[in-house]
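Dear colleague,

I am passing on the structure below, and my notes on it follow underneath.

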Amino acid sequence: QVQLVESGGGLVQPGGSLRLSCAASGNIFSIIEMAWYRQATGKQRELVAHITSGGTTEYADSVKGRFTISSDTAKNLVYLQINSLKREDTANYYCKAGVITNPERRYLEVWGQGTLVTISS
């Protein structure tokens, strides 16, 4: 089995910053890609940022210039630095990973349980 655990969410004032973390563990041979999604109340889940094992990143237009995704491949960690927070960034933030499992060597997509980010004064 493979598990993802997010942390770092909380209540922040507009204009503030947070760093979210996601730790992958379990029967992992390698991690192909990791991503952050978010889902606000009453809205569909949307991709926020994505990073490949080679370090290539992409971002949703709504967060470009404010959010930065990074990873520590040795520790199976991915981070999301979020700056200049806006009220519309309020959402549950979910980590997703595409991994190759050990010993089966099969591709598996795994989701974390989410961490709540609330922007409010």
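**Core and salt bridges**

Leaving aside neighbours within four places in sequence, Met-34 is in contact (heavy atoms within 4.5 Å) with Leu-4, Cys-22, Ala-24, Ala-49, His-50, Ile-51, Ile-69, Val-78, Cys-95, Lys-96 and Ala-97. Please bear in mind that this is a predicted model, in which local features need pLDDT of at least 70 and side-chain atom pairs count only at pLDDT 80 or more, while totals for chains, interfaces and linings use all residues. Residues are numbered from 1 along each chain as its sequence is written, and side-chain values use heavy atoms, with hydrogens and water left out.

Met-34 is also among the residues that touch the most other members of the largest nonpolar core, which has 30 residues; such a core is a set of buried Ala, Val, Leu, Ile, Met, Phe, Trp, Tyr and Cys residues joined through side-chain atoms within 4.5 Å. Strand 9 (strands being DSSP runs of E, at least two residues, numbered from the N terminus) gives the largest share of this core, 5 residues.

There are 5 salt bridges in the structure, each a side-chain nitrogen of Lys or Arg within 4 Å of a carboxyl oxygen of Asp or Glu. In one of them, Asp-89 pairs with Arg-38, with the closest N and O atoms 2.9 Å apart, and both residues are buried (under 20% relative accessible area, against over 50% for exposed and in between for partly exposed, with a 1.4 Å probe and protein chains only). Asp-89 and Arg-38 also belong to a network of salt bridges with Glu-46 and Arg-66. By contrast, Asp-61 and Lys-64, whose closest N and O atoms are 3.1 Å apart, are both exposed.

Best regards

Methods:
Helices (H or I, at least four residues) and strands (E, at least two) are DSSP runs, numbered from the N terminus.
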